[in-house]
Amino acid sequence: MYITQETVRHIAKLSALELSDEEVKKAQQQIGEIINYMDILSKVDTTDVEPTLHIHNAINAFSEDIILEALPVEKIKAMAPEFQDGYFKVPKFINN
Amino acid sequence: MNDLTTLSILEMRQGLVASEFSATELTHAHLDKIKETNPKYNSFLRVTEELALTQAKAADEKIAKDKNNTPLLTGIPVAIKDQLVINGIESTCASKILKGFIPPYTCTAVEKLIQAGAVILGKTNQDEFAMGSSGENSAFGITRNPINTDYVPGGSSSGSAVAVAAGQAPLSLGTDTGGSIRQPASFTGIVGIKPTYGRVSRNGAVAFASSLDQIGLFARNVKDIAIGLKYIAGHDPRDSTSMDIEVPDYLKNIDTAFPKIKNLRIGIPKEYFTSGINPEVEQVLRNKIQQLKSLGINLVEISLQHTEISIAAYYIIACAEAASNLARFDGVRYGWRSKSANNIQEVFEKSRAEGFGDEVKRRILLGNYVLSAGYYDAYYKKGLKARTLIIKDFQEAFKDCDIIVTPVAPTTAFKFGDKSMSPLEMYLSDAFTVPCSLAGLPGISIPCGKDSKGLPIGMQLIGKAFSEVLLLSTAHHFYKN
Amino acid sequence: MSDLTAIIGLEVHIQLATQSKIFSSSATETGQAPNSLTDPVTLGLPGVLPVLNKAVVDYAIKLGLATNCKIREKSIFARKHYTYPDLPKGYQISQHDKPTCYEGWLNIRVNKQSKKIGITRIQLEEDTGKNIHLANEPFSLIDLNRAGVPLLEIVSEPDMRLPEEAGAYLRILHQLVKYLNICNGNMEEGNFRCDANVSVMQANAQEFGTRVEIKNLNSFKHVEKALAFEIEQQKKLIEQGVTIIQETKLWDEVNEVTKSMRSKEYSADYRFFPEPDLLPLIIDENWIANIKDNMPELPSQTFERLVDTYKLDEYSAELLISDKYVADYFEKALTSHYNPNGISNWITTELFGRLNKESMEFLDCPVSPKSIAILVKLIDTGIISGKIAKTVFDIMWRTGKDPQSIVKEQNLIQISDNIFIQEIIDSVLKQNPTQLQTYKAGKVQLFSYFVGQAMKASNDKVNPELLNEMLKKTLEQ
């Protein structure tokens, strides 16, 4: 499968990753090579094979509907790149 | 005093309860060793000296008070992979995007070690976000193999492997998604286990691929692994995929479980000895297997016919889950935020571009590619179906054998830079460890010889799900002989 | 053109009134300090895992049963990916192709016609945080208290044709979730949110037209208005031969128009895949039976009971079941005084009127069911007149006192003493000789004038029926 630069840019957008033109070219080559290799899967017939979502047959793990202690806001503030009046602070959208 | 850093955990325990040395002295010995050797190996990203000495002091008090009622791990130093978070201690996953991040909670497995009296020496280096097989993908410098520092220690749990191999710690925690414990254990000549998926809680292990990740251990002998596993295993209400199955006393059963089964059947999958394996590695492994016949085992040739597609299935599934799991690193709530972002889109895209290394970016792109509209069925869904076939292979094989023995890696440790040019080539070197991961089975790597350059060769033993008792006992007997 | 038909489907999101969040143990309250109801899971910190709150499943089954849905034996959670600052993990845990409830329906009534509206699916998911955009500031603020609050997304079939049908469907659904006690139902606080999909096609067409999604609809009235506006607009465009484009619009409630949202920079490719951190959810028959056994009465059942047991007319019964609290209030009142019609009238006229006037919720009504019942009892036993009762009610409302004390304190007991009443009648007639003459000359309408004068003279305390009777007799003499 040949991957175009346009595809790489689209995937980069979905991935929220800024890529330079150089990186797009490199990714096109490397990901192309890997995806090409992945096509080895088409060798096997999986028509009647169920996909595996979970390894074990475990089901139904629940928590009870109870409130436990919240994380103190000072700790959140300490982790945040920018914090103001108890809120995370981010620059606006480009459109606004 | 003898060099305390070469002792096994049982020997350390003996010394501690016999008051031959204190936990504080034991900790100092390891801290000194780290100070002396870390500049060479770069295996620790952070040494938590103050915490370690506080914990050692508490351990000494407990031992003084009632030594016989202290857990076996009381006062035993351990090293923790940076992928596992500890409350109040910087945890970065060896990524720039988490530089300076101080988590407000502790990983369940680490918490259990602390509860058992273990002494936390520090956080170990690794491939960024556990993505890599060489230790070269750390944002904070490569980790070197103590056997020969020109060679890689393997990855991704590079630092945890090196810490144990170099005597910086007798026991360490790592994570294994597709071989990240077994392969570096093999490259550094020590023992490493990836338990059954669901045996150890993943809570607090920063997720790479949720359906494959499992916390495991490194040690210099199998008994020490058995001791450590008992403490970290078990159900955790915070991880729905951790199974509510009783945790046996692995150490107690280690001498008996293997001999109890007369003529234990060892399966040798023919697909693991066909192409791609280095002849020297193959020869050493075959010799060792023949030698083991004296233990009264039966060798059975088995077939794991979908081995060929495991790498493809593994990288599709692992990258898809990784792309999703790493979406949370967006520069909004914690971690790196780009200084040059002028709007929210740039906060996302620039912070991630600056914060993630090349391999991580590559896997995020790959993962989003296989999940995106138009490719989902051809890759992601196909990968899940291939996984089913690989699981069935093992189910079939285990009808004819009790334990499967394979090489851990097709080669011994390679030189730095050797493979970093082609990502695909690097991925292919995981061929012998990923099938076991895809099937969620327990796998252990034990040393079984060396190549002509003196580099260690590992043997992988794979057991049925939750058969760690037999797996450890067998590995113990194999390693001893 | 009259042969154009609108096709309406609704997506409703209800916040569940559980104690804690869907996948963690922080509280779901509203109105708390920003980011004070969070934990490592809510914040999407590295290494955390979701664990499903069992109560959320109970609530989903309840609603599923009440909307005649099938309950799926095995549901799977999925991750839905998009990048937004109020979405902590970069994905929302939701359900995708295996929602817990599916293929249900609700009956609505519009213009006395009953109509079945299909429900495609009800799925469990988590709410996002809140993005606060400040005017004239280059930044936004993010509060994650709401992140992880459990939601049920209820997707209807495109079975509605008129805005009033959409309104009726929403009211029925709203009433239902309140009856089930699974959602606080406050639309302004966002407990009950609605997005509408609407398209217009030729009445006899085989395929639906291109649909437009309308967001930001925070009251039933706005849903109806927005749909009416959008349908008119689409009809006009179609008549002009303009092609409708599929897009998302916002309802501007100030100008009462729908407006195009600027297209998001991110293309919507949600990359759904099964959530590996959560196990399959298996709901067996026992679980469903258990929920069934503990189901509260549904509005339709209450309606039938009110009509059958208390012989209320359908209109009154409909009013009483509009809100679960009202029906409960009504039945509670009956335990103090059994006059279903009398109490129903007082609730649906005086009480509703006052609540409307004061823009209050029924829950905040300051008059207890017992007080209303006693008030009706005082009327029924002739102790006070209906007119005095309104005065007493006003005092009850303002002071919270019980009606008996008010009647006593204010000396409002009705006078049924014949001698006293006769004295008043005589004195009124004496004081109004001209009117009396005119009356006797044949202007019988003046009768009510005398009644009014007599009531006034007694401070409204005389028994009006007795007064009427005695005045008639006196005038006939």
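## How chain B meets its neighbours

Chain B and chain A bury about 5,200 Å² between them, with 69% of it on carbon and sulfur atoms. Buried area here is the accessible area (1.4 Å probe) that two parts lose on being put together, summed over both. This is a predicted model, in which local features need pLDDT of at least 70 and side-chain atom pairs count only at pLDDT 80 or more, while totals for chains, interfaces and linings use all residues. Residues are numbered from 1 along each chain as its sequence is written, chains are lettered from A and ligands numbered from 1 in the order in which they are written, and side-chain values use heavy atoms, with hydrogens and water left out.

### Chain B against chain A

Let's start with who touches whom. On this interface, 65 residues of chain B are in contact (heavy atoms within 4.5 Å) with 52 residues of chain A. There are six salt bridges between the two chains, a salt bridge being a side-chain nitrogen of Lys or Arg within 4 Å of a carboxyl oxygen of Asp or Glu. For instance, K43(A) pairs up with E308(B) in a salt bridge whose closest N and O atoms are 2.9 Å apart. The interface also holds 19 residue pairs in polar contact, both at pLDDT 80 or more. A polar contact is a pair of N or O atoms within 3.5 Å; within protein, one must be able to donate a hydrogen and the other to accept it, and residues adjacent in sequence count only if both atoms are side-chain atoms.

Which elements of chain B each supply at least two residues of the side that touches chain A? They are α10, α11, α12, α13 and α14 (423-428). The largest share of that side, ten residues, comes from α13(B). Helices (H or I, at least four residues) and strands (E, at least two) are DSSP runs, numbered from the N terminus. By class, this side of chain B has 38 nonpolar, 15 polar and twelve charged residues. In this scheme Ala, Val, Leu, Ile, Met, Phe, Trp, Tyr, Cys and Pro count as nonpolar, Asp, Glu, Lys and Arg as charged, and the others, Gly among them, as polar.

### Chain B against chain C

Now for the other neighbour. The contact takes 40 residues from chain B and 32 residues from chain C. About 2,700 Å² is buried between these two chains, and carbon and sulfur atoms give 59% of that area. Three residues, S240(B), R328(B) and R333(B), supply 22% of the area that chain B buries against chain C, more than any other three residues. The rule finds one salt bridge across this interface: R202(B) with D277(C), the closest N and O atoms being 3.0 Å apart. Polar contacts between chain B and chain C come to 16 residue pairs, both at pLDDT 80 or more. On the side of chain B that touches chain C, α10 (310-325), α11 (344-355), α12 (358-371) and α13 (376-400) give two or more residues. The residues on that side divide into 21 nonpolar, eleven polar and eight charged.

### Strands, within and between chains

Chains A and C share a sheet. Four strands form an open sheet in the order β2(A)-β3(A)-β10(C)-β9(C), with antiparallel pairing. Its edge strands, each pairing on one side only, are β2 (83-84) of chain A and β9 (130-133) of chain C. Where the chains join, F88(A) stands opposite I142(C) in β10(C).

Inside chain B, strand β4 (residues 171-176) is mostly covered, as six of its six residues are buried, meaning under 20% relative accessible area, with exposed over 50% and partly exposed in between (1.4 Å probe, protein chains only). On one side of β4(B) sit L171(B), L173(B) and T175(B), on the other S172(B), G174(B) and D176(B), and all are buried.

Here are the strand pairings; two strands pair if DSSP finds at least two bridges between them.

| Strands | Bridges | Direction |
|---|---|---|
| β3(A) (87-91) and β10(C) (139-143) | four bridges | antiparallel |
| β2(B) (77-81) and β4(B) | three bridges | parallel |
| β4(B) and β6(B) (214-219) | six bridges | antiparallel |

V78(B) stands opposite L171(B) in β4(B), while L173(B) has L217(B) in β6(B) as its bridge partner.

### A few backbone oddities

Most residues other than glycine have a negative phi, and most peptide bonds are trans. A cis peptide bond joins G155(B) and S156(B), with omega about 10°. S19(B), not a glycine, has a positive phi of about 55° and lies in the loop between α1 (9-17) and α2 (23-41) of chain B. S19(B) counts as exposed because its relative accessibility is 59%.
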